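Let's take a walk through this model together, one stop at a time. Keep the viewer open as you read.

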Amino acid sequence: MRALSSRFAPRLTALLPALLLSTPGLSATTDPADWEAVLDEARGQTVYWYAWAGEQRTNDYLDWVAGRVDKRFGIELKHVKVGDTAEAVSRVLAEKQAGNDEAGNVDLIWINGENFAAMKENDLLFGPFAEALPNFALTRPAHNPEVVTDFTLPTEGYESPWGRAQITYYYDSEALDTPPQDIEALLAWARANPGRFTYPRIPDFTGSTFLKQALIELTDQDEALYAPVEESDFATVTAPLWEYLDALHPYLWRSGRQFPASGPEMRSLMGDGALTLAFTFTPSEPAAAVADYELPPSTRSYVPESGTLGNVHFVAIPYNSPHKAGAMVIANYLLSPEAQATKQDLDVWGDRTVLDVARLDDDTRALFDLDQQNPAMLPPGALQKTLPEPHPSWMTALQDAWQARYIGQ
Amino acid sequence: MMLRLAPVLIVTLLVAPILAGLAMALLPAFGYLPALGGEAFSLAPWRTLAAQPGIGRSVAISLASGLVATAISLAVVLLYLAAATGSRLDRWIRRLVSPLLSIPHAAAAFGLAFLIAPSGLLARLASPALTGWERPPDLLIVQDPWGLSLIAGLVIKEVPFLLLMSLAALPQLDAERRVAMARSLGYRPAIAWLKVVAPALYPLIRLPVFAVIAYASSVVDVAMILGPTLPPTLAVSILTWFSDPDLDQRFLASAGAILQLGVTATALLTWWGLERLAARLMAGWIARGGRHRGETSLHLTGKLAILHATGVAFTGIGGLAIYSVAGFWRFPDALPKSVTLDHWAQALPSLGGPLASTALIALCSTLLAAVLVLAALENEQRTGRNASKALWLLYLPLIVPQIAFLFGLVVVMEQIGTRPTHGLIIFGHLLFVLPYVFLSLSEAYRRIDPRWTQLALTLGASRNAVFWRVRLPMLLAPLLTACAVGLAVSIGQYLPTQLLGAGRVTTVTTEAVSLAAGGNRRVIGVWALVQACLPLVGFVIAIGLPKLLWSNRRGMQGAP
């Protein structure tokens, strides 16, 4: 299906400069270097933030942010709820098609990975702005390169970090004693317990991340994954993955003939007791779900010793947003210790901070002390080993290959 | 003067956006979309489309679910009408069915999914006592690859629609006398009805049947909830291509949209062929003159089938209600371990905005539609001309799949420079509300006894006074019912709201569908229930108000 994409790609790049002549870059009025001016301009603006809304807790947190930025900065924040970030990307594109270069509908997008790559490649983003945000320094990018790297691509200031995700497995301790510690052990366990594990249907991002995790563990050509997929022999590198999945699928839930649509749907299956083992991209999700009655109190989470894939998620501003100042003030507020600590609070959302907590002053650091009371919470230090995301082109290549192999079988 | 413009205005309002939207899908389908570097016409998008994994199966499922769901719904309705004898049970069924019409498709689909899933209410009730299941069985029921659960979900929503359309058409046929005549020749009642009334009724409900086929073969939200997934139906695939971050997928999506148009057209043509076949078979069956055979089974099937469809829908809604207050609820407990209002308490603060938007959009689009329809019908009465020739144009928005023209329409709107506002969405909803209001009102309007008008005119009233003081009050009950239908249609719209509003305007329906992505059944329960109850308010008013206003005139209170 990407044949079309490669066919059009050369023409697209040839055409883009012409298309983009009218694209405003950094206009004088929204220069993030003059922060006072940005704050002044932002006052009274209404910022439309297109953000995935599949999780009530996330939506509640965004509501809370809206209340704060209204009070603090006089900005009205509207959460535009989307089921898939790509919807926002398509909208900005549709506006560009129609020549709407100044009065776009999207002011802020919650984004990372291939959506960011697509927008940046097509010059649909405003920037660079992130590194000029006053709170950005708290992330200490020199020590934490992941806050300026998105799926191996340098962000170059076109998106501002917001939160962290890492694959975390969770299981029902009443039905399972010692959970599998690597991908081979997972297969052995699935064979012994057919129908008790599954992964979300590709192209869901949680499901796609599972493919990447399995590929990293299975292939011996790891370095190939961190360069564009065209530079290596896709079939050879991924052969062990398909062999593995072919072996695994018969032992999955519904014998691998059907997959849950998303991570949260997989969580409901855990709640029903249909699955015994599952995984999420939000490490605190199992604990939060126990508190929400969705999962039984016997739920436990873990990260295998060899580590799992993790990444940072960001916010970006489209090139045609009419409220760039307001969007930047919000991006900056999202990086404030107050907003980051509230986001990490298990009672609110439980999404991990991107600030370098160890390098904060003592009082601020105290805000980030995690409540370890909940037994479904990861043990401290479990997230020490994070495997970096492969190049975004691998995500799309794996998704296409998976769909060609398993759809309509 | 204004009146004479009404039919033209209606047709322009309905037809122009659809044609413009289709054009903007057709061009990229053949590779023309300058903003993305497609400057020459080519067949590349079609080749890509043909190479999509599982595309053949997607098309087959869309086609089959459209035809099968329609055939079953129509059969259920006709058999029920044949078996109906005006008994208390029949009146009770009729009363149950009308609120079902108002429940949005998505809510009904969620209800069905919660009911029949391996971990659903039915399995819970039977487990572990009858089945021995301690955990949900590993069965592929919801989202099965053959689309059976999708068909079931469509049937429970289309039965009420076809039934109400039939009930509206029946008075024209003088069905009682026809049946009485046949019975005097020795035919049993159900057989008599099928032989003498059904053949005359079908032409009158043919357009609604076509609308059902078009809807069922291209539906998005129900197919997302109940339809197969590997691959999904064509309409769902198109939606994913349109929202793919790889922008070149737009060409593929546009080709898919045109293919969807073809699939729906094929379904309609196939149905047309089946009509011919059925007419032949019926003719033979009628001519053979059998009077008794099958009466009992016809009678039983007629009642059982519709009771079943209605029962399933209501139990599903009940399931939603239970989930919306459920604490921890592990399989196979039939009821939740604890009951909590947490989910409602969490949702309440965020309900206000969407509720207000939903109400505003629904009321405005319905009022506009009602005014336009009344104007067109009044014009028809005064000029004495029947607008039936233009009627098929009215059906255009119901027969052209939404997904085929809405994306193109968004691009057109962008080019005109329209900002997504409530106004634009109201206009978008009008496309779908207007036809339904027209359908619901036209029969009652045309059937009104012309002698009332003549009488009023001879008493010296002006034509306008006749309209305001005689016709409108007499039509209050059907008018309110038509408005309630319009409100329900508007409340249930997902794609037009989402696309024309740029996602900025949230209604209860867009909220429910986007929360569904989270898969939290309790939250879905809350929102689907709100979505299901909202249109009911309209129907309660539609039934209650005439009774209140005309409490001293029984004839004007409308049907029970």
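Which residues form a nonpolar patch on the surface of chain B? Bear in mind that you're looking at a predicted model. The patch is built from Val537(B), Ile541(B), Leu545(B), Leu548(B) and Leu549(B), and together these residues offer about 480 Å² of accessible area. Pick out Ile541(B) to get your bearings: you'll find this residue in helix α25 of chain B, which runs over residues 521-549. Ile541(B) has a relative accessible area of 47%, so this residue counts as partly exposed; the exposed class takes over 50%.

Now for a patch of another kind. Arg88(B), Arg91(B), Arg95(B) and Lys547(B) make up a positive patch on the surface. The top contributor is helix α4 of chain B, residues 88-102, which supplies three residues to the patch. Arg88(B) sits in that helix, α4 of chain B. With a relative accessible area of 71%, Arg88(B) is over the 50% cut-off and is therefore exposed.

Next, let's leave the surface and look at what is covered. Helix α12 of chain B, residues 234-242, is a good place to start: eight of its nine residues are buried, so the helix is mostly covered. If you want to click through the buried ones, they are Leu234(B), Ala235(B), Val236(B), Ser237(B), Ile238(B), Leu239(B), Trp241(B) and Phe242(B).

Move on to helix α13 of chain B, residues 249-288, and stop at Leu252(B), which has its place there. Is Leu252(B) buried or exposed? Its relative accessibility is 0%, and buried means under 20%, so Leu252(B) counts as buried. While you're there, look across to Trp46(B). Along the chain, Leu252(B) and Trp46(B) are 206 residues apart, yet their C-alpha atoms are separated by 7.1 Å.

Finally, swing over to chain A. This chain has 14 helices and eleven strands. Along its principal axes, the C-alpha atoms of chain A fill a box of roughly 65 × 55 × 35 Å. How does the radius of gyration of chain A fit with a compact globule, and what value would we expect for 409 residues? The expected value for a compact globule is near 22 Å, and chain A has 22 Å, so the two agree. As for how much of this chain is covered, buried residues make up 63% of the 409 residues in chain A.

Conventions: Residues are numbered from 1 along each chain as its sequence is written. Chains are lettered from A and ligands numbered from 1 in the order in which they are written. This is a predicted model: local features need pLDDT of at least 70, side-chain atom pairs count only at pLDDT 80 or more; totals for chains, interfaces and linings use all residues. Side-chain values use heavy atoms; hydrogens and water are left out. Patches are made of residues with over 30% relative accessible area and no salt bridge: like charges are joined within 9 Å, nonpolar side chains (Val, Leu, Ile, Met, Phe, Trp, Tyr) within 5 Å. Accessible areas come from the Shrake-Rupley method with a 1.4 Å probe; for residues, only the protein chains shown count as cover. A salt bridge is a side-chain nitrogen of Lys or Arg within 4 Å of a carboxyl oxygen of Asp or Glu. Lys and Arg count as positive and Asp and Glu as negative; His and the chain ends are not counted. The place of a charge is taken as NZ of Lys, CZ of Arg, CG of Asp or CD of Glu. Helices (H or I, at least four residues) and strands (E, at least two) are DSSP runs, numbered from the N terminus. Buried means under 20% relative accessible area, exposed over 50%, partly exposed in between (1.4 Å probe, protein chains only). The radius of gyration is taken over C-alpha atoms; the globule rule is 2.2 Å times the number of residues to the power 0.38.
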